[in-house]
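Work through these exercises with the model open beside you. Try each task before reading its solution.

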Amino acid sequence: MTTTTQLAAWWHGLAARERAMVATMLALVAAFAWWYGLLHPLRTLRDGAEARYDQAAAALLAVEAEVGALAQVGTPATPAVPGLEGMQQRVLDSARVAGLAPSRQRTAADGTFGVEFDRVASPALFAWLGTLADAHGIAPATLHVERADGQLRAEVGFAEVAP
(Lines give C-alpha, C1' and ligand atoms only; values in the text may rest on other atoms or scores of the structure.)
Protein backbone atom coordinates (compact mmCIF):
# COMPACT_ATOMS: atom_id res chain seq x y z
CA MET A 1 0.00 0.00 0.00
CA THR A 2 1.22 3.46 -0.83
CA THR A 3 1.36 6.36 1.55
CA THR A 4 -1.52 8.11 -0.19
CA THR A 5 -3.71 5.04 0.14
CA GLN A 6 -2.81 4.68 3.82
CA LEU A 7 -3.57 8.37 4.43
CA ALA A 8 -6.94 8.08 2.67
CA ALA A 9 -7.83 4.99 4.70
CA TRP A 10 -6.86 6.78 7.94
CA TRP A 11 -8.94 9.85 6.95
CA HIS A 12 -12.04 7.79 6.19
CA GLY A 13 -11.59 5.87 9.45
CA LEU A 14 -12.03 9.11 11.43
CA ALA A 15 -15.38 10.25 12.68
CA ALA A 16 -16.87 13.42 11.16
CA ARG A 17 -16.09 15.38 14.33
CA GLU A 18 -12.44 14.23 14.27
CA ARG A 19 -12.13 15.12 10.57
CA ALA A 20 -13.41 18.65 11.32
CA MET A 21 -10.89 19.05 14.16
CA VAL A 22 -7.97 17.81 12.02
CA ALA A 23 -9.03 20.04 9.10
CA THR A 24 -9.28 23.07 11.44
CA MET A 25 -5.88 22.26 12.94
CA LEU A 26 -4.30 21.96 9.45
CA ALA A 27 -5.89 25.26 8.40
CA LEU A 28 -4.45 26.98 11.51
CA VAL A 29 -1.01 25.49 10.90
CA ALA A 30 -1.19 26.66 7.27
CA ALA A 31 -2.20 30.18 8.39
CA PHE A 32 0.65 30.23 10.94
CA ALA A 33 3.15 29.13 8.27
CA TRP A 34 1.76 31.72 5.82
CA TRP A 35 2.08 34.53 8.35
CA TYR A 36 5.47 33.73 9.89
CA GLY A 37 7.00 32.10 6.84
CA LEU A 38 6.03 34.64 4.16
CA LEU A 39 4.12 37.76 5.20
CA HIS A 40 6.16 38.70 8.27
CA PRO A 41 9.56 38.46 6.49
CA LEU A 42 8.20 40.40 3.52
CA ARG A 43 6.92 43.18 5.77
CA THR A 44 10.27 43.29 7.56
CA LEU A 45 12.07 43.59 4.22
CA ARG A 46 9.68 46.34 3.08
CA ASP A 47 10.18 48.34 6.28
CA GLY A 48 13.95 48.02 5.96
CA ALA A 49 13.79 49.13 2.31
CA GLU A 50 11.67 52.15 3.25
CA ALA A 51 14.18 53.12 5.94
CA ARG A 52 17.12 52.77 3.52
CA TYR A 53 15.23 54.83 0.90
CA ASP A 54 14.54 57.59 3.42
CA GLN A 55 18.23 57.65 4.43
CA ALA A 56 19.34 57.75 0.78
CA ALA A 57 16.89 60.56 -0.03
CA ALA A 58 18.15 62.59 2.94
CA ALA A 59 21.77 61.97 1.91
CA LEU A 60 20.98 63.02 -1.66
CA LEU A 61 19.43 66.27 -0.48
CA ALA A 62 22.44 66.97 1.72
CA VAL A 63 24.87 66.29 -1.14
CA GLU A 64 22.87 68.46 -3.55
CA ALA A 65 22.91 71.31 -1.01
CA GLU A 66 26.68 70.95 -0.56
CA VAL A 67 27.25 70.85 -4.33
CA GLY A 68 25.18 74.00 -4.71
CA ALA A 69 27.17 75.73 -1.99
CA LEU A 70 30.47 74.63 -3.54
CA ALA A 71 29.36 75.77 -6.98
CA GLN A 72 28.61 79.24 -5.63
CA VAL A 73 31.89 79.44 -3.72
CA GLY A 74 34.10 78.14 -6.53
CA THR A 75 32.83 80.25 -9.41
CA PRO A 76 34.01 83.78 -9.96
CA ALA A 77 31.30 86.43 -9.86
CA THR A 78 31.41 87.24 -13.57
CA PRO A 79 34.57 86.56 -15.52
CA ALA A 80 35.74 89.53 -17.50
CA VAL A 81 34.77 89.09 -21.11
CA PRO A 82 37.89 89.66 -23.18
CA GLY A 83 37.89 91.58 -26.41
CA LEU A 84 38.87 89.77 -29.61
CA GLU A 85 42.60 90.44 -29.11
CA GLY A 86 42.45 89.45 -25.45
CA MET A 87 40.55 86.30 -26.30
CA GLN A 88 43.06 85.39 -29.01
CA GLN A 89 45.93 85.91 -26.61
CA ARG A 90 44.32 83.77 -23.91
CA VAL A 91 43.51 80.99 -26.40
CA LEU A 92 47.04 80.92 -27.82
CA ASP A 93 48.72 81.20 -24.40
CA SER A 94 46.62 78.40 -22.96
CA ALA A 95 47.36 76.23 -26.02
CA ARG A 96 51.08 76.83 -25.53
CA VAL A 97 50.82 75.98 -21.81
CA ALA A 98 48.93 72.78 -22.72
CA GLY A 99 51.73 71.81 -25.11
CA LEU A 100 49.67 72.36 -28.26
CA ALA A 101 50.95 74.21 -31.30
CA PRO A 102 48.27 75.33 -33.75
CA SER A 103 49.10 74.63 -37.39
CA ARG A 104 47.13 77.66 -38.53
CA GLN A 105 45.20 80.50 -36.98
CA ARG A 106 42.84 82.93 -38.61
CA THR A 107 40.93 86.04 -37.67
CA ALA A 108 37.84 87.12 -39.57
CA ALA A 109 36.29 90.57 -39.81
CA ASP A 110 33.05 89.34 -38.22
CA GLY A 111 34.73 88.87 -34.83
CA THR A 112 35.59 85.20 -35.11
CA PHE A 113 38.95 83.62 -34.41
CA GLY A 114 39.97 80.08 -35.30
CA VAL A 115 42.84 77.73 -34.72
CA GLU A 116 43.58 74.51 -36.54
CA PHE A 117 45.60 71.51 -35.43
CA ASP A 118 46.76 69.02 -38.06
CA ARG A 119 47.81 66.26 -35.63
CA VAL A 120 46.80 66.41 -31.99
CA ALA A 121 46.09 63.75 -29.39
CA SER A 122 42.47 63.70 -28.26
CA PRO A 123 43.21 63.82 -24.49
CA ALA A 124 45.41 66.90 -24.98
CA LEU A 125 42.84 68.65 -27.17
CA PHE A 126 39.88 68.06 -24.89
CA ALA A 127 41.89 68.84 -21.75
CA TRP A 128 42.88 72.16 -23.32
CA LEU A 129 39.26 72.96 -24.23
CA GLY A 130 38.21 72.12 -20.67
CA THR A 131 40.91 74.37 -19.23
CA LEU A 132 39.83 77.19 -21.53
CA ALA A 133 36.26 76.90 -20.28
CA ASP A 134 37.14 76.46 -16.60
CA ALA A 135 40.00 78.91 -16.18
CA HIS A 136 39.15 81.57 -18.74
CA GLY A 137 35.43 81.22 -19.39
CA ILE A 138 36.06 80.75 -23.10
CA ALA A 139 34.18 78.06 -25.00
CA PRO A 140 34.48 77.27 -28.69
CA ALA A 141 31.69 78.47 -30.95
CA THR A 142 32.50 75.76 -33.50
CA LEU A 143 34.43 72.53 -33.29
CA HIS A 144 35.19 70.18 -36.15
CA VAL A 145 37.22 67.06 -35.35
CA GLU A 146 38.19 64.15 -37.59
CA ARG A 147 40.62 61.27 -37.34
CA ALA A 148 43.94 61.67 -39.12
CA ASP A 149 46.85 59.20 -38.92
CA GLY A 150 45.87 57.81 -35.50
CA GLN A 151 45.40 61.27 -34.06
CA LEU A 152 42.94 64.08 -34.62
CA ARG A 153 42.68 66.96 -37.04
CA ALA A 154 40.74 69.76 -35.35
CA GLU A 155 39.35 73.14 -36.30
CA VAL A 156 38.27 75.20 -33.30
CA GLY A 157 36.42 78.47 -33.81
CA PHE A 158 35.79 81.16 -31.22
CA ALA A 159 33.37 84.04 -31.48
CA GLU A 160 33.80 87.36 -29.74
CA VAL A 161 31.25 87.75 -26.99
CA ALA A 162 29.48 91.09 -26.98
CA PRO A 163 29.79 92.92 -23.63
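**Exercise 1. Lay out the sheet.** Give the strand order, the edges and the twist.

Solution. The open sheet has four strands in the order S1-S2-S4-S3, with antiparallel pairing. Strands here are DSSP E runs of at least two residues, helices are H or I runs of at least four, and both are numbered from the N terminus. Two strands pair if DSSP finds at least two bridges between them. Next, find the edges: S1 and strand S3 (142–148) each pair on one side only. Last, the twist averages 10 degrees from one strand to the next.

This is a predicted model, where local features need pLDDT of at least 70 and side-chain atom pairs count only at pLDDT 80 or more, while totals for chains, interfaces and linings use all residues. Residues are numbered from 1 along each chain as its sequence is written, and side-chain values use heavy atoms, leaving out hydrogens and water.

**Exercise 2. Trace the hairpin.** How many bridges join S1 to S2, and which residues stand opposite each other?

Solution. Strand S1 covers residues 104–107 and strand S2 covers 112–120. Four bridges join these antiparallel strands. Arg104 stands opposite Glu116 in S2. Arg106 faces Gly114 of S2. Now look at the turn: four residues lie between the strands, and Gly111 takes a positive phi near 90 degrees.

**Exercise 3. Place the helices on the sheet.** Which strands does each helix lie across?

Solution. Start with H3. Helix H3 lies across S1, S2 and strand S4 (151–159), at about 15 degrees to S2. Then take H4. Helix H4 lies across S2, S3 and S4, running at about 20 degrees to S4. Axes are lines fitted to C-alpha atoms, for helices over the stretch in contact, and angles run from 0 to 180 degrees between N-to-C directions.

**Exercise 4. Describe the helix pair.** At what angle do H3 and H4 cross, and which residues make the contact?

Solution. The axes of H3 (residues 84–97) and H4 (residues 122–136) come within 10 Å and cross at roughly 130 degrees. That makes H3 oblique to H4. Angles under 35 degrees count as roughly parallel, over 145 as roughly antiparallel, 65 to 115 as roughly perpendicular, and the rest as oblique. On the H3 side, the contact (heavy atoms within 4.5 Å) uses Arg90, Val91, Ser94 and Ala95. On the H4 side, Trp128, Leu132 and His136 take part.

**Exercise 5. Check two residues.** Are Gln88 and Ile138 buried or exposed?

Solution. Gln88 sits in helix H3. Its relative accessibility is 16%, so Gln88 counts as buried. The cut-offs are under 20% relative accessible area for buried, over 50% for exposed, and partly exposed in between (1.4 Å probe, protein chains only). Leaving out residues up to four places away in sequence, Gln88 touches Thr107 and Phe113. Gln88 and Phe158 are 70 residues apart in sequence, yet their C-alpha atoms are 8.7 Å apart.

Ile138 lies in the loop between H4 and S3. Ile138 is buried, with a relative accessible area of 5%.
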